[in-house]
Amino acid sequence: ELAVLLPSTEQAAAEMLANRLCRAVAGLQIPHCGNVEGEGVVTISGGVSTASYAAENEARMPEALVLAADAALYRAKQTGRNRVATVALGERMARAG
């Protein structure tokens with residue numbers, strides 16, 4: 001697993017970067033015969049979590065962001081892999097796409 005920390009980055013920009021990373025890795029066309037869903041090449045999934053100052057109480061500990069990103073990552077994997085799921089602390093619903 002890999003973490004990318006983007007201070008002072010809004011959720012839309014973090015999600016856009018995560019999607020670019022997914023496309024870039026898939027574009028390398030590294031063979032992976034065990035990845036049927038990814039057309040036989042290495043792919044990645046991403047979990048993005050963000051927090052605003054409004055969610056300060058919920059995000060006092062850095063662990064809250066890591067746990068939220070991890071949950072979003074597993075949501076992305078469950079919905080088909082090679083995709084990104086996001087969650088903003090303070091929101092109840094994560095998006096996958």
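**Exercise 1.** Sort the residues that line the largest pocket of this predicted model into nonpolar, polar and charged.

*Solution.* Start with the total: 45 residues line the pocket. They divide into 24 nonpolar, 14 polar and seven charged residues. Next, look at the middle of the pocket: Val4, Gly47, Val48, Ser49 and Ala69 are the lining residues nearest its centre. Then turn to secondary structure: H1, strand S1 (46-50) and helix H2 (62-78) each give two or more residues to the lining. H2 supplies the largest share, seven residues. Finally, the volume of this pocket is about 1500 Å³.

**Exercise 2.** Find the nonpolar patch on the surface and decide whether Leu21 is buried, partly exposed or exposed.

*Solution.* The patch is formed by Leu2, Val4, Leu6, Leu21 and Ile44. Together these residues have about 430 Å² of accessible area. Leu21 belongs to helix H1, which covers residues 11-27. Its relative accessible area is 35%. Buried means under 20% and exposed means over 50%, so Leu21, at 35%, is partly exposed.

**Exercise 3.** Locate Ser8 and Arg81, and compare their phi values and exposure.

*Solution.* Take Ser8 first. Ser8 sits in the segment before H1, and its phi is near 55°, a positive value in a residue that is not glycine. With a relative accessible area of 84%, Ser8 is exposed.

Now take Arg81. Arg81 lies in the loop between H2 and strand S2 (84-88). Its phi is also positive, about 65°, although Arg81 is not a glycine. The relative accessibility of Arg81 is 43%, so Arg81 counts as partly exposed.

How values were computed: Residues numbered from 1 in each chain as written. Predicted model: local features only at pLDDT ≥ 70, side-chain atom pairs only at ≥ 80, totals over all residues. Heavy atoms only, no water. Patch = residues over 30% accessible without salt bridge, like charges linked within 9 Å, V, L, I, M, F, W, Y side chains within 5 Å. Areas by Shrake-Rupley, 256 points an atom, 1.4 Å probe, with all protein chains shown as cover. Salt bridge = Lys/Arg side-chain N within 4 Å of Asp/Glu carboxyl O. Helix = DSSP H or I, 4+ residues; strand = E, 2+ residues; numbered from the N terminus. Buried < 20%, exposed > 50% of the residue type's maximum accessible area, 1.4 Å probe, protein only. 1 Å grid on protein atoms, 1.4 Å probe; cavity = no way out; pocket = protein on both sides within 12 Å on 5 of 7 lines; lining within 4 Å. Points joined across faces, edges and corners; volume = space filled by probe spheres on them. Nonpolar A, V, L, I, M, F, W, Y, C, P; charged D, E, K, R; others polar.
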